[in-house]
Amino acid sequence: AKTHHQTFVVSDTPYSRLCSNKSILTVNGKFPGPTIRVTEGDTIAIVVANRAKENITIHWHGVKQPRYPWSDGPEYITQCPIRPGTNFSQKIVLSDEIGTMWWHAHSDWSRATVHGALIVYPRIKNDYPFPVPDEEVPIIIGEWWKSDVFAVLNEFLASGGGPNISDAYMINGQPGDLFPCSKKDTFKLKVEQGKRYLIRMVNAVMNNIMFFRIAGHNVTIVGSDGAYLKPFTSNYIAISPGQTIDFLFVADQNPSHYYMASRAYAVVGDFNSNTTTARVEYAGNYTPPASPELPTLPNFTDTAASVNFTAQFRSLAYENHPINVPLDVTTKLLFTLSINTRNCPNSDCGGPDGNRLLASVNNITWQSPGIAILQAYYQSVNGVFEDNFPSNPPFPFNYTADFVPQDLWEPQNGTRVRMLDFNATVELVFQGTSTARSPLDHPMHLHGHSFYVVGWGYGNFNSTRDPPNYNLIDPPLQNTIAVPRAGWTAIRFVANNPGVWLMHCHFERHITWGMEMTFITRNGKGPNDTMLPPPSDFPMC
Ligand code: C2O
Ligand code: CU
């Protein structure tokens, strides 16, 4: 295995999109940021040099960081931010991850522009469990506000309602032909007839699950979240923020120009309803159409199109690709995911009935501590967090009904963690709720682990009826899973990674509202079952 030395210089950089200029945070001046390409089991030694005016942290989404939470990145969970003018040396050790993952800022809303793809190749070149592609192409779906994202965040915090909607979605940093001033920079994928392309897709959008489709072509999904999948064919993709999807497509149509397009899936609230496009352009001698064919995307509110897509995911689960789903569960957890409201002093907040919106897990709204949880845990600093995060909702209720008990209108604030014993086998059921009258899908992401998605359904989880139907044969291995609207999802994982690990909804507005909690996995007894010490330039608080 090889060590890749890299430097990420974070700076404020002028960028122009949608006929307007602003300064954005970038890595090495690039937006989207640099693609990192490594091989299974390699190490990335990266110096993050903050030369911007804002604080920053960098998270390696989907990388397990075995025994080394120090490099994980979430602000006030594992580290204090890297202050302007300072550096932090992160060491990222890859273990069994393969395929596409990504890195992104994990402080305030800076991940809007600070993100890039991380591609992990198999040890043996082209040793793929699917037909070998002729070319590999990263596609990052992003989101752009003409205003400064920190201004958007501050306005959002002040309003008590939802954030201002963005001005465009983007494919590889470009809004596409349908927007003024964009046409000449639209991302173009040049293809040759008969060739096969592996698209490595990242959803770096802040607040929406996205649909994506290439006009005239089917695609074959072969991986997600740094693990392979049993290949299946579809004419569209649904991808959650945080999620990655690897898919093949063959340039098997008449040589011409075709649009690929992406737009949001959203059932309630304000969202950007624009479609972003990029182009597939075949090589050859032909007259391209003045305006290429646009693909038909699922409707904005098509929950089935979003949920049913992911429901097709299956692990390979054969010979060289065994699965390891825990069959005996030592720790059972049921976490409700809620949007809540809180009284607004002068009743002029932007939420329902003039209240302030917030969010919770098991009715606890995460309160960011003054020093990072990892530091407090490692140095045994008392009073930073409590280790009593509830394993179950405060009391059972009809989670998805129109009526919500009054006790749940206002969640409690808390910096409460759930301790896990080393090698605990955990089953965690996420239960969506209709509190604040808005059942939504929540793309839940766990740091430090991948988990098997063993079951899901609409309505209330039933601990007698549902577990017998779990898929324990070939469940997909994910790190981000969209819990269906007014429904539930069950995951299983082994707590074999000692450290401090954040879990949260990957909608940025929901994490800002407090839909997050933290697991701490205790050290095991063996010499290789304990957390490693921090690096010397670790940004302590
Ligand atoms: Cu993709 Cu906590 O993050
Ligand atoms: Cu959410």
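**Notebook: a sheet, a helix and three domains**

I began with strands S3 and S8, which run parallel and are joined by 4 bridges. The model I am reading is a predicted one. To pin the pairing to residues, I looked up Arg37 and found that its bridge partner in S8 is Ile119.

**Entry: the whole sheet.** Next I asked in what order the strands of this sheet lie. I found an open sheet of 4 strands, ordered S3-S8-S7-S5, with mixed pairing. Strand S3 (36–39) and strand S5 (58–61) are the edge strands, and each of them pairs on one side only. From one strand to the next, I noted an average twist of 25°.

**Entry: the other pairings.** I then followed the sheet from S8 to S7, where 6 bridges join the two strands and the run is antiparallel. One residue to find here is Trp103, whose bridge partner in S8 is Gly116. Moving on to S5, I saw that 4 bridges join it to strand S7 (residues 99–105), again in an antiparallel run. Here His61 has Trp102 of S7 as its bridge partner. A reminder to myself: strands of a sheet pair through backbone hydrogen bonds, either parallel or antiparallel.

**Entry: how enclosed is S8?** I checked strand S8 (residues 115–121) for burial. Of its 7 residues, 6 are buried, so the strand is largely enclosed by the rest of the structure.

**Entry: helix H1.** Which residues of helix H1 (residues 149–159) are buried? I found Val149, Leu153 and Phe156. Looking down the axis of H1, I saw these buried residues fall within an arc of 65°, so they line one face of the helix. I also wanted to know what they pack against, and the partner is helix H4 (508–513). Just after H1 comes Gly160, and I noted its positive phi, near 80°.

**Entry: domains.** Last, I stepped back to the whole chain. The domain assignment gives domain 1 (1–127), domain 2 (130–315) and domain 3 (331–521). I looked up how far apart domain 1 and domain 3 lie, and their C-alpha centres are 26 Å apart. Their contact takes 14 residues from domain 1 and 17 residues from domain 3. What classes of residue does domain 1 bring to the side that touches domain 3? I wrote down 7 nonpolar, 4 polar and 3 charged residues.

How values were computed
Residues are numbered from 1 along each chain as its sequence is written. Chains are lettered from A and ligands numbered from 1 in the order in which they are written. This is a predicted model: local features need pLDDT of at least 70, side-chain atom pairs count only at pLDDT 80 or more; totals for chains, interfaces and linings use all residues. Domain bounds come from an automatic or database domain assignment. Two residues are in contact if their C-beta atoms, placed from the backbone, lie within 7 Å. Ala, Val, Leu, Ile, Met, Phe, Trp, Tyr, Cys and Pro count as nonpolar, Asp, Glu, Lys and Arg as charged, and the others, Gly among them, as polar. Two strands pair if DSSP finds at least two bridges between them. Axes are lines fitted to C-alpha atoms, for helices over the stretch in contact, and angles run from 0 to 180 degrees between N-to-C directions. A residue is buried if 20 or more other C-beta atoms lie within 10 Å of its own, exposed if 12 or fewer, and partly exposed in between; C-beta atoms are placed from the backbone. The arc is that of the directions from the helix axis to the C-beta atoms.
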